[in-house]
Amino acid sequence: FQNDKEIRPTGGFLTAFAFLKLDKGKIDTTTSDDIYRLDERLLATCLTKICPLTPPNPIVKYLPEVDGKPRSAWSMRDSNISPDIPTSAKEFERMYSLLGGGLPFDGIIFIDTQVVEELIEVTGPIDVLGTTYSSEKDSRCNCPNVIYELESYAEIAAKGEKDRKAILGVLMQQILARSLGGDVEKIPQLLETVVRLASHKHIMFYMHDKKTQEALKMLNWTGEIKNFDGDYLHINDSNFAGGKSNLYVEQTVIQEIDTQDDGVVKKKITIEYKNPQPFNTWLNGINRDYVRFYVPKGSKLISSKGSEEVVTTIEDLEKTVFEAFIQVRPQNSRKLEIEYTASYGPKDEYKLLIQKQPGAKDFQYKIKLNGKEVENFKLDMDKEFKFDL
């Protein structure tokens, strides 16, 4: 099982992994390390043979190397660029298979730091190799202590320090041991926490066994970009070299829908980004945000404001996608706006599906239909709406 420890499984990069073994109800961790170890092995392997690792255009354009040069190769830590979890999982497995030896696992579980934080709230503080991980607020980051320590480790791993310790497996083992072997009265709280985290897209599954995957899909725990008979929206933010600023950046999304007499639907989507926290050398920097709007296939862009690059239109996953790029600085705010015609012709009711980005915070959303506000909510999971016209 591969473990994603960044803030967003399809928005940040993968930073750590652990192998978990489940045998007759017993769970053990056998190996854990940071993703850079795998990338080091992949680089060494590709020095001896040709590897198909040409990076996608957004990575070349927006995610430069440390020296500022464009990236010439695609790494495992960036393999999750697709917002569709099965697509990202397959890409990771393709890269992993280049190391040789096949795929020594039955599936992948993606988690983010919120999962670890909330499980530690259930288990209590845990000590690993001299470091205590707790859910208490840490003044160094104005965030939970476990978040600071995990992000600090990720920073060390990114610098390639040779003496870095693989703490993730030990931490997960301690969490599992305390969760499953602790007080019986804590089990309902543990189960409720895991189910809620999966439903809110902080835990995502990709299993090789088709029946298992189909069962998880019915629970909406597999992270597909869905087909939908109606209007559709998925906003995907990818932090390309912005430290850990996703910890602090907040968003408000306003969706204005105008149904015309001729049946055409005009839409304007406005995203207000805010980062109220001060600059920190490695934790809170400039958020370089590659933004994708997934809308019904065939939709046409009318205008845009706020993007630092020309908004482009592509097709992906049977959707039309509008690509933009902004930079959100600490103690600052930005606004991004697009206007388009949607390829959807409603009749007596307006149907809309909004899919949450896996690993994202529960951002505020507002929906206005023909000038009237009809919804104001936190997007904590995928949501489907029907409005009378």
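## Helix 4 and its ends

Asp-112 sits at the N-terminal end of helix 4 as a cap, with a side-chain oxygen 3.1 Å from the backbone nitrogen of Gln-114. Keep in mind as you read on that this is a predicted model. Helix 4 itself covers residues 113–123 and is mostly tucked away, with nine of its 11 residues buried. Among the buried ones are Thr-113, Val-115, Val-116, Leu-119 and Ile-120, and the list also includes Glu-117 and Glu-118. Just past the helix, Gly-124 has a positive phi of about 95°.

Glu-118 also has charged company: a network of salt bridges links Glu-118, Glu-192 and Arg-196.

## A nonpolar patch and helix 7

Which residues make up the nonpolar patch on the surface? They are Val-184, Ile-187 and Leu-191, and together they offer about 280 Å² of accessible area. Leu-191 belongs to helix 7, which spans residues 187–199. With a relative accessibility of 52%, Leu-191 counts as exposed.

## Lys-201: buried, with a salt bridge

Move on to the loop between helix 7 and strand 8 (203–207) and you find Lys-201. Lys-201 is not a glycine, yet its phi is positive, at about 70°. For background, most residues other than glycine have a negative phi. Is Lys-201 buried or exposed? At 3% relative accessibility, Lys-201 is buried.

Lys-201 makes a salt bridge with Asp-382, and the closest N and O atoms are 3.0 Å apart. Asp-382 lies in the loop between strand 19 and strand 20, so this pair ties together parts of the chain that are 181 residues apart in sequence. Asp-382 counts as buried too, at 13% relative accessibility.

## Other salt bridges

The structure holds 21 salt bridges. One of them brings together the side chains of Lys-351 and Asp-229, at 3.4 Å from N to O. Lys-351 is in strand 17 (residues 349–355) and Asp-229 is in the loop between helix 8 (210–218) and strand 9, so the bridge ties together parts 122 residues apart in sequence. Asp-229 is exposed, with a relative accessible area of 62%.

Glu-272 and Lys-335 also form a salt bridge, with their closest N and O atoms 3.8 Å apart. Here the link runs between strand 11 (residues 265–275), home of Glu-272, and strand 16 (residues 332–342), home of Lys-335, and the two residues are 63 apart. Glu-272 is partly exposed at 26% relative accessibility, and Lys-335 is partly exposed at 46%.

## The six-stranded sheet

Six strands make an open sheet in the order 14-15-12-9-17-20, and their pairing is mixed. Why do strand 14 and strand 20 each have one side without a neighbour in the sheet? Strand 14 (312–316) and strand 20 (383–388) stand at the edges and have a single partner strand each, so one side of each is left free of a neighbour in the sheet. From one strand to the next, the twist averages 25°.

Within this sheet, strand 9 pairs with strand 12 (residues 287–296) in the antiparallel sense, over six bridges. If you want a spot to look at, take His-234, whose bridge partner in strand 12 is Tyr-294.

## Two loops worth a look

The loop between strand 9 (231–239) and strand 10 (250–259) holds Asn-246. Asn-246 counts as buried, at 5% relative accessibility. The side chain of Asn-246 makes a polar contact of 2.9 Å with the side chain of Asn-239.

In the loop between strand 14 and strand 15 (319–328) there is Glu-318. Glu-318 has a positive phi near 65°, although it is not a glycine. Glu-318 is exposed, at 53% relative accessibility.

## The hairpin of strands 18 and 19

Strand 18 (residues 364–369) runs antiparallel to strand 19, and six bridges join the two. Gln-364 stands opposite Lys-378 of strand 19. The two strands form a hairpin with two residues between them, and Asn-370 in the turn has a positive phi of about 55°.

Strand 19 (residues 372–378) also contains Lys-372, which is exposed with a relative accessible area of 57%. How far apart in space are Lys-372 and Ala-177? Their C-alpha atoms are 52 Å apart, and the two residues are separated by 195 residues in sequence.

Conventions. Residues are numbered from 1 along each chain as its sequence is written. This is a predicted model: local features need pLDDT of at least 70, side-chain atom pairs count only at pLDDT 80 or more; totals for chains, interfaces and linings use all residues. Side-chain values use heavy atoms; hydrogens and water are left out. Patches are made of residues with over 30% relative accessible area and no salt bridge: like charges are joined within 9 Å, nonpolar side chains (Val, Leu, Ile, Met, Phe, Trp, Tyr) within 5 Å. Accessible areas come from the Shrake-Rupley method with a 1.4 Å probe; for residues, only the protein chains shown count as cover. A salt bridge is a side-chain nitrogen of Lys or Arg within 4 Å of a carboxyl oxygen of Asp or Glu. Helices (H or I, at least four residues) and strands (E, at least two) are DSSP runs, numbered from the N terminus. Buried means under 20% relative accessible area, exposed over 50%, partly exposed in between (1.4 Å probe, protein chains only). Two strands pair if DSSP finds at least two bridges between them. A polar contact is a pair of N or O atoms within 3.5 Å; within protein, one must be able to donate a hydrogen and the other to accept it, and residues adjacent in sequence count only if both atoms are side-chain atoms. Axes are lines fitted to C-alpha atoms, for helices over the stretch in contact, and angles run from 0 to 180 degrees between N-to-C directions.
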